[in-house]
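Here is a short report for a reader who is new to this structure. Please keep the sequence and the model in view while reading.

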Amino acid sequence: DRCSAVAVASASPLSVFDYTQSAATANALLEKFGARHTLRQFADTADGVTGAVTRVTTAYQVIAAMIPVSNSPQSLDDRYKDAWTRGKLRMFYVGAGVAEPKAGDELLAAGQLYTVLGCTPLDVTGSNPVIYTVGAESK
């Protein structure tokens, strides 16, 4: 019937889109036009008896392109407008396949340490990220 045909037609492009190939293409472009940076992720564990907290740091080499944040402060959350005016905000396009950046992680890029403020994966299916868009503030 007509409704079934519309549903099948609208679902078809997602089922044939090659996310793995797209991620490989994105990584190749980032390799050519970006640079290697260090992504640091942290895991804290607390000793239930002593209360001591141990922090484990895991470092990953990621490929990314770093760009300045838009010159439109109206598009920023109010919490970050001051950092924007001081030139401390950057956006990163990070290749998929190594580790997904998370808020609170650190990126060491071009000799500068940045704190990840947030990350948005380009991941329509929820299981095949193509690239990550990351907002970060220099320390």
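## A charged centre

Glu106 is buried, with a relative accessible area of 12%. Buried means under 20% relative accessible area, exposed means over 50%, and partly exposed lies in between (1.4 Å probe, protein chains only). This is a predicted model, in which local features need pLDDT of at least 70, side-chain atom pairs count only at pLDDT 80 or more, and totals for chains, interfaces and linings use all residues. Residues are numbered from 1 along each chain as its sequence is written, and side-chain values use heavy atoms, with hydrogens and water left out.

Which residues are linked with Glu106 in a network of salt bridges? The network joins Arg40, Glu106 and Lys139. A salt bridge here is a side-chain nitrogen of Lys or Arg within 4 Å of a carboxyl oxygen of Asp or Glu. By this rule the count is 4. The table gives some of them.

| Pair | Closest N to O distance |
|---|---|
| Glu106 and Arg40 | 3.3 Å |
| Asp44 and Arg55 | 2.8 Å |
| Lys139 and Glu106 | 2.6 Å |

Take the pair of Glu106 and Arg40, a salt bridge at 3.3 Å. Glu106 belongs to strand β4 and Arg40 to strand β1 (residues 35–46), so this pair ties together parts that are 66 residues apart in sequence. Arg40 is partly exposed, at a relative accessible area of 26%.

Lys139 also bridges to Glu106, at 2.6 Å. Lys139 sits in the segment after β6 (131–138) and Glu106 in strand β4, so to speak distant parts of the chain, 33 residues apart. Lys139 counts as exposed, at 53% relative accessibility.Asp44 and Arg55 form another salt bridge, at 2.8 Å. Asp44 lies in strand β1 and Arg55 in strand β2 (residues 53–68), so the pair ties together parts that are 11 residues apart in sequence. Asp44 is partly exposed, with a relative accessible area of 46%. Arg55 has a ring partner too: its charged end sits over the ring of Phe42, 4.5 Å from the centre. A charge sits over a ring if NZ of Lys or CZ of Arg is within 6 Å of the ring centre and within 35 degrees of the ring normal.

## A buried acid without a bridge

Where is Asp105 placed? Asp105 is in the loop between β3 (89–95) and β4 (106–109). Asp105 is buried yet has no salt bridge. The nearest side chain of opposite charge is Lys102, 5.6 Å away. For charges, Lys and Arg count as positive and Asp and Glu as negative, while His and the chain ends are not counted.

The backbone of Lys102 does meet Asp105: its nitrogen lies 2.8 Å from a polar atom of the Asp105 side chain. Leaving aside neighbours within four places in sequence, Asp105 is in contact (heavy atoms within 4.5 Å) with several residues, including Arg40, Phe42 and Tyr114.

## The aromatic pair

The structure holds 1 aromatic pair. The rings of Phe92 and Tyr114 have centres 5.4 Å apart and planes at 75°, so the pair is edge-to-face. Phe92 is in strand β3 and Tyr114 in strand β5 (residues 112–122), and the pair links these distant parts of the chain, 22 residues apart. Rings of Phe, Tyr and Trp (its six-membered ring) pair if their centres lie within 6.5 Å; planes under 30 degrees apart count as stacked, over 60 as edge-to-face and the rest as tilted.

Are these two residues buried or exposed? Phe92 counts as buried, at 0% relative accessibility. Tyr114 is buried as well, with a relative accessible area of 5%.

## Two exposed sites

Thr120 is found in strand β5. Thr120 is exposed, at a relative accessible area of 52%. Not counting residues up to four places away in sequence, Thr120 touches Ile131, Tyr132 and Thr133. Thr120 and Ile131 are 11 residues apart in sequence, and their C-alpha atoms are 8.6 Å apart in space.

Ala110 is in the loop between β4 and β5. Ala110 is exposed, with a relative accessible area of 70%. Its phi is near 50°, a positive value in a residue other than glycine. Most residues other than glycine have a negative phi.

## The whole chain

The secondary structure comes to 3 helices and 6 strands. Along the sequence the pattern reads α-α-β-β-α-β-β-β-β. Helices (H or I, at least four residues) and strands (E, at least two) are DSSP runs, numbered from the N terminus. Of the 139 residues of the chain, 27% count as buried. Among contacts between residues at least 6 apart in sequence, 57% join residues at least 24 apart.

Technical notes: A polar contact is a pair of N or O atoms within 3.5 Å; within protein, one must be able to donate a hydrogen and the other to accept it, and residues adjacent in sequence count only if both atoms are side-chain atoms.
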